[in-house]
Amino acid sequence: MSTINYSEKIPNNVNLGEDRTLQRALEGWQPNFINWWDDVGPEGSTNHEVYLRTAVSVDPQGWAQFGHVKMRDYRWGIFLNPGDANREVHFGDHKGEKVWQDVPGEHRANLRRIIVTQGDTEPASVEQQRHLGLTAPSMYDLRNLFQINVEEGRHLWAMVYLLQKHFGRDGREEADALLQRTSGDDNNPRILGAFNEKTPDWLAFFMFTYFTDRDGKFQLAALAESAFDPLARTTKFMLTEEAHHMFVGESGVSRVIARTAQVMNELKTDDAQKIRAAGCIDLGTIQRYLNFHYSVTIDLFGADQSSNAAIFYSSGLKGRYEEGKRDDDHVLKGQTYKVLEVKDGQLVEKDVPMLNALNEVLRDDFIKDSVAGVGRWNKVLEKAGIPTRLVVPHKAFNRQIGALAGIKMSPEGRVVNDVEWAAKRDEWLPSSEDFAFVASLMGRVIEPGKFAGWIAPPVMGINRQPVDFEYVRFG
Ligand SMILES: [Fe+2]
Ligand SMILES: [Fe+2]
């Protein structure tokens, strides 16, 4: 069951050949997907042969196989984690019942919405990253970008499979619409805000894959708890790929910091202009990028109080992060959780029913997880003997969604007025001048083993290959 069948047109471990209706639907969708990839996927990459890993089995041991392939020929397909015949719903009102193999009628609309919203983020990020290959800081980084792009493509397949298999005609229409919305489009944008932002340069890419792919991890982990078993099994397998995306982000930012620290020590300066003149990204700019990507990403968790979040949980559609490891009753009725609100110009905490605050619970879990990696970035500075530290901004900073939208906050969490915000904005968030400077560093370095001057080489290569391996063969 866990071995993937590559002899079929659509690689899968779900016995696709036995479900003719689904097979026809997916085979009808496939050419549209390839057209989408050609139109808005990685620019100018059609003839590149990229050292990619492809899933060959969903077993934890050795699921991946590496080799040079053209991305267009990547074996996108349908892979589910092995099922457990005895699995039970372990939270919400259906706790203790058998998990569902089909969509219960009363949860159909909500499940469809959850799957479409998740599915929409996958092609969106490919669109956001489509120009980055033209300014890669190395062949190693170029390969990592492409690996992420093909895997986000596969994540789209995963959600389309669920839609087409379980939601009939509605599902097929939603699957088509996933290829029609476009990131940043005025008329038909992607569903969520962060997925309509630009990813204009590689520092933004690394911040995106560190923070925004981590949002993906938390959403997928919450869906991996779902009582709708096909969704749980699909998202569980997607999580194995998400780990690599976050690694690219964390190690990418870490290498930028390492290179900056090295130049700061060589020049014995912390003057941003001197560091920039030496072709490196000053720590202030890195902090502003961090502030932006962090705040935009935590908005993705939704409003701090949400009756939908309560319904999704109580009906068993979406659990909490690591639901199984928590030692409460997994029903949460009568429990409370603290959220923030602004009263008389000050931030105050207030207790609200926990079921309504589950977006905030997931956001707080995300925050804990992201702070840990920022600590590892600071270790790089500490080792280099540089006293500056990066920090995540207050969770009320620069929010557009929920009770904290519409108030102005400093990164430290002080309520500020419009005048102060306007005066300090460019100290807190990337300015057009920051973007222009970072853009000016973006060249194209593609000789094996060579790296742009603003980023340190990685500690090791991919799949134990040397750092100067030919990760991409240009056709
Ligand atoms: Fe993804
Ligand atoms: Fe991802």
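This passage walks through the helices of a predicted model and then visits a handful of individual residues.

A good place to begin is helix α1, which covers residues 20–40. With 21 residues at 1.5 Å a residue, α1 should span 30 Å, and because its end C-alpha atoms are 30 Å apart, expectation and model agree. The helix is not straight throughout: α1 bends by about 25° at Q30. A proline, P31, follows within four residues of that bend. Several side-chain positions of α1 are turned towards the interior, in the sense that A25, L26, W29, F33 and W37 are buried. The cover over these buried residues includes α3 (139–166) and α4 (168–178).

The relation between α1 and α3 can be described in more detail. Their axes lie 11 Å apart, and the two helices pack at an angle of about 150°. The crossing of this pair is right-handed. On the α1 side the contact is made by L22, A25, L26, W29 and W37, while α3 contributes G153, V160, Q164 and K165. Among the α1 residues in this contact, A25, L26, W29 and W37 also belong to the buried set.

Helix α3 has another partner in α2 (residues 108–128), and here the axes are 8 Å apart, with a packing angle of about 155°. Angles over 145° count as roughly antiparallel, and α2 and α3 are therefore roughly antiparallel to each other. The crossing of α2 and α3 is left-handed. From α2, the contact involves I115, Q118, G119, E122, P123, S125 and V126. From α3, the residues that meet them are N149, E152, G153, H155, L156, M159, V160, L162 and L163. Two residues of α3, G153 and V160, thus appear both in this contact and in the one with α1.

One residue of α3 deserves a separate look. N144 is placed in this helix, and it counts as buried because 25 C-beta neighbours lie inside 10 Å, where 20 or more are needed. N144 and A423 are 279 residues apart along the chain, and their C-alpha atoms are separated by 38 Å.

Further along the chain comes the pair formed by α5 (residues 202–223) and α6 (residues 229–267). Their axes come within 7 Å and cross at roughly 155°, so α5 and α6 are roughly antiparallel to each other. The crossing of α5 and α6 is left-handed.

A tryptophan brings the beginning of α6 into the picture. W100 sits in the loop between β2 (64–70) and α2, and it is buried because 20 other C-beta atoms lie within 10 Å. Leaving aside neighbours within four places in sequence, W100 is in contact with A227, F228 and D229. The C-alpha atoms of W100 and L231 are separated by 9.9 Å, although these residues are 131 apart along the chain.

Two other residues also illustrate how positions far apart in sequence are placed in the model. Q287 is found in helix α8 (residues 283–298) and counts as buried, because it has 20 C-beta neighbours inside 10 Å. Its C-alpha atom is separated by 8.3 Å from that of L429, a residue 142 places away along the chain. P387, in turn, lies in the loop between α10 (358–383) and α11 (418–428). With 7 C-beta neighbours inside 10 Å, P387 counts as exposed. P387 and D270 are 117 residues apart along the chain, and their C-alpha atoms are separated by 10.0 Å.

Finally, the backbone holds two residues of interest for their phi angles. Most residues other than glycine have a negative phi. L332 has a positive phi, near 70°, and this leucine lies in the loop between α9 (307–314) and β3 (336–343). R464 also has a positive phi, near 60°, and is placed in the loop between α12 (432–441) and β5 (472–473). The surroundings of the two can be set side by side: L332 is buried, with 23 other C-beta atoms within 10 Å, whereas R464 counts as exposed, with 8 C-beta neighbours inside 10 Å.

Notes:
Residues numbered from 1 in each chain as written. Chains lettered and ligands numbered in written order. Predicted model: local features only at pLDDT ≥ 70, side-chain atom pairs only at ≥ 80, totals over all residues. Expected span 1.5 Å × (residues − 1). Bend = angle between axes of the 7 residues up to and from the residue. Buried ≥ 20, exposed ≤ 12 C-beta atoms within 10 Å, placed from the backbone. Contact = placed C-beta atoms within 7 Å. Axes fitted to C-alpha atoms, helices over the stretch in contact; angles between N-to-C directions. Parallel < 35°, antiparallel > 145°, perpendicular 65-115°, else oblique. Left-handed = near helix turned anticlockwise from the far one by under 90°.
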